[in-house]
Amino acid sequence: MSVLPILKWPDPKLSQVCSPLEAITPDVECLAADMLDTMYAAPGRGLAAPQVGVLQRMFVMDTEWKDADPDPIVFINPVLQEVGRDLKTGAEGCLSIPGVTARVTRPAIVEMSWTNLAGEECSARFEGFGAACVQHELDHLNGVVTFDRVSQDDRAALIAEYEAQ
Ligand code: ZN
């Protein structure tokens, strides 16, 4: 297992739509373990495959580890099933856009389904930070980053802030 380099915006791989994973091979298991190592080392609470240069539909998340025991989840081919009507605006950081947080508005509660590393179909309801996190990571699989989720004015200001670092 190893810590992988994380691509930084505007790397073109962060703007591509990723392909579904066809099968859970030993390579996929290895990538998931490496992505978790990379996420914990960063440190972050979510990491999507394109952020380490792999254009496949997989992300890892552990929203609790900074406050509790590690509880990693590997999401393969995730799909948003149900989206609540209530919206919530929160500050989001991104390991590919270090040093900048964007205020992003998203559904406050979502239901997501995915395949786990054992090949089992899973689904769960997420709210609070978890809801924002799964939507942020799913965005990465569609080539979308936080800069794409804000107004044109906010985008310009955030990019200026990012580039001035
Ligand atoms: Zn991100």
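## The zinc site

Donors here are N, O and S atoms within 2.8 Å of the metal, and because water is not among the atoms, a site may look incomplete. With that in mind, welcome to this predicted model, where the tour starts at the zinc ion. Its protein donors are SG of C94, NE2 of H136 and NE2 of H140, at 2.0 to 2.2 Å from the ion. Along the sequence, these donor residues follow the spacing C-x41-H-x3-H.

The site brings together separate stretches of the chain. C94 belongs to the loop between β4 (87–92) and β5 (102–107), while H140 belongs to helix α2 (residues 129–141), so this pair ties together parts that are 46 residues apart in sequence. Are C94 and H140 buried or exposed? Both C94 and H140 are buried.

## The largest pocket

Next comes the largest pocket, whose volume is about 460 Å³. Its lining counts 26 residues, and those nearest the pocket centre are A91, E92, G93, F129 and C133. Three elements, β4, β5 and α2, each give two or more residues to this lining. Which of them gives the most? That is α2, with seven residues.

Sorted by class, the lining of the largest pocket holds 10 nonpolar residues, 10 polar residues and six charged ones. F129, already met as one of the residues nearest the pocket centre, has a further contact to look at: R45 lies over the face of its ring, at 4.0 Å from the ring centre.

## Aromatic pairs

The model has seven aromatic pairs. One of them joins F59 and F75, with ring centres 4.3 Å apart and planes at 20°; the pair is stacked because this angle is under 30 degrees. F59 sits in strand β2 (residues 58–61) and F75 in strand β3 (residues 73–83), and the pair links these distant parts of the chain, 16 residues apart. F59 has a relative accessibility of 0%, so F59 counts as buried. F75 likewise has 0% relative accessibility and counts as buried.

A second pair to look at is W114 with F126. Why is this pair tilted? The ring centres are 6.2 Å apart and the planes meet at 45°, an angle that is neither under 30 nor over 60 degrees, so the pair counts as tilted. W114 comes from strand β6 (residues 109–115) and F126 from strand β7 (residues 121–127), so the contact ties together parts that are 12 residues apart in sequence. Both W114 and F126 are buried. Taken with the rings described above, the picture becomes a joined one: ring pairs link F59, F75, W114 and F126 into a cluster.

## Backbone features to look at

Most peptide bonds are trans, and most residues other than glycine have a negative phi. Against that background, a few places in this model are worth a look. A cis peptide bond joins W9 and P10, with omega of about 5°. P10 is found in the segment before α1 (26–41), and the segment before α1 is also the place of W9. W9 has a relative accessible area of 14%, so W9 counts as buried. Between the C-alpha atoms of W9 and A49, which are 40 residues apart along the chain, the separation is 14 Å.

Another cis peptide bond runs from A42 to P43, where omega is near -5°. P43 has its place in the loop between α1 and β1 (46–48). For phi, the residue to visit is N77: although not a glycine, N77 has a positive phi of about 50°. Where is N77 found? N77 is in strand β3, the strand that also holds F75. With a relative accessible area of 23%, N77 is partly exposed.

## The end of helix α2

The last stop returns to helix α2, which holds the zinc donor H140 and also L141. L141 has a relative accessible area of 0%, so L141 is buried. How far is the C-alpha atom of L141 from that of V54? These two C-alpha atoms are separated by 10.0 Å, while the residues lie 87 residues apart along the chain.

Technical notes: Residues numbered from 1 in each chain as written. Predicted model: local features only at pLDDT ≥ 70, side-chain atom pairs only at ≥ 80, totals over all residues. Heavy atoms only, no water. Phe/Tyr/Trp six-rings, centres within 6.5 Å; stacked < 30°, edge-to-face > 60°. Helix = DSSP H or I, 4+ residues; strand = E, 2+ residues; numbered from the N terminus. Buried < 20%, exposed > 50% of the residue type's maximum accessible area, 1.4 Å probe, protein only. Lys NZ or Arg CZ within 6 Å of the ring centre and 35° of its normal. Donors = N, O, S within 2.8 Å, 3.2 Å for Na, K, Ca; no water. 1 Å grid on protein atoms, 1.4 Å probe; cavity = no way out; pocket = protein on both sides within 12 Å on 5 of 7 lines; lining within 4 Å. Points joined across faces, edges and corners; volume = space filled by probe spheres on them. Nonpolar A, V, L, I, M, F, W, Y, C, P; charged D, E, K, R; others polar.
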